[in-house]
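Good morning, and thank you for coming. I should like to take you through one model, moving from its helices to its aromatic rings and then to its core. Please look at the sequence and the structure first.

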Amino acid sequence: MRLNGCCGRSRTQTVNFTKLDLATLKSLKRHYRLKTREKATKSELAQAVAKHFASQTVDEADTISLFMYSARAGSLQYDRRDYLNASR
């Protein structure tokens, strides 16, 4: 997962997905609709999940702003459209 910090810096955070149990990896595969062979091994699932998350880019400033908006609203459930409209 690439994190974009202030000043355009980018850093990489790694997670060892092989430490997750098989049921969790299968759940992540299902949730994110990852393509693997039907009877994939634990290491193949871990690779697919790691590849998926490695392809994601996270804007730290936006993430923190959304979190603060949610915290102030009293719930971590938020409608991103409400946040975007309120911030303009």
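Let me begin with a term: a residue is called buried under 20% relative accessible area, exposed over 50%, and partly exposed in between, with a 1.4 Å probe and protein chains only. By that rule lysine 26 is partly exposed, with a relative accessible area of 42%.

Two remarks on the basis of what follows. This is a predicted model, in which local features need pLDDT of at least 70 and side-chain atom pairs count only at pLDDT 80 or more, while totals for chains, interfaces and linings use all residues. Residues are numbered from 1 along each chain as its sequence is written, and side-chain values use heavy atoms, with hydrogens and water left out.

Helices and strands here are DSSP runs numbered from the N terminus: H or I with at least four residues for a helix, E with at least two for a strand.

I turn to helix H2, residues 42-54. How far apart are the end C-alpha atoms of H2? They are 18 Å apart, which agrees with the 18 Å that its 13 residues should span at 1.5 Å a residue. The expected span is 1.5 Å times one less than the number of residues.

Within H2, the buried residues are Leu45, Ala46, Ala48, Val49, His52 and Phe53. These residues cover an arc of only 160° around the axis, which puts them on the same side of H2; the arc is that of the directions from the helix axis to the C-beta atoms. A general point is useful here: an α-helix has 3.6 residues a turn, so residues three or four places apart point the same way. On the other side of H2, Gln47 and Lys51 are exposed.

What do the buried residues of H2 pack against? Their partner is helix H1, residues 22-32, where contact means heavy atoms within 4.5 Å.

One residue of H2 deserves a closer look, namely lysine 42. At 35% relative accessibility, lysine 42 counts as partly exposed. Leaving out residues up to four places away in sequence, lysine 42 touches Thr18, Leu20, Asp21, Leu22 and Leu25. Its side chain also reaches the backbone oxygen of threonine 18 at 3.2 Å. A polar contact of this kind is a pair of N or O atoms within 3.5 Å; within protein, one must be able to donate a hydrogen and the other to accept it, and residues adjacent in sequence count only if both atoms are side-chain atoms. Lysine 26, which we met at the start, has its place in helix H1. Lysine 26 and lysine 42 are 16 residues apart in sequence, and their C-alpha atoms are 8.8 Å apart in space.

Next, the aromatic rings. Rings of Phe, Tyr and Trp (its six-membered ring) pair if their centres lie within 6.5 Å; planes under 30 degrees apart count as stacked, over 60 as edge-to-face, and the rest as tilted. The structure holds 2 such pairs. Phenylalanine 17 and phenylalanine 53 are stacked, at 5.7 Å centre to centre with 15° between the planes. Phenylalanine 17 lies in the loop between strand S2 (10-12) and H1, and phenylalanine 53 in helix H2, so this pair ties together parts that are 36 residues apart in sequence. Both phenylalanine 17 and phenylalanine 53 are buried. The rings of tyrosine 32 and phenylalanine 53 have centres 5.4 Å apart and planes at 80°, so that pair is edge-to-face. Tyrosine 32 lies in helix H1, so the pair with phenylalanine 53 in H2 ties together parts that are 21 residues apart in sequence. Phe17, Tyr32 and Phe53 thus form one aromatic cluster.

Now the core. A nonpolar core is a set of buried Ala, Val, Leu, Ile, Met, Phe, Trp, Tyr and Cys residues joined through side-chain atoms within 4.5 Å. The largest has 10 residues, among them Phe17, Leu25, Leu28, Val49 and Phe53. H1 and H2 each supply at least two residues of this core, and H2 gives the most, with 5.

Finally, helix H3, residues 60-72. Aspartate 59 caps the N-terminal end of H3, with a side-chain oxygen 3.1 Å from the backbone nitrogen of alanine 61. Just after H3, glycine 74 takes a positive phi of about 85°. Thank you.
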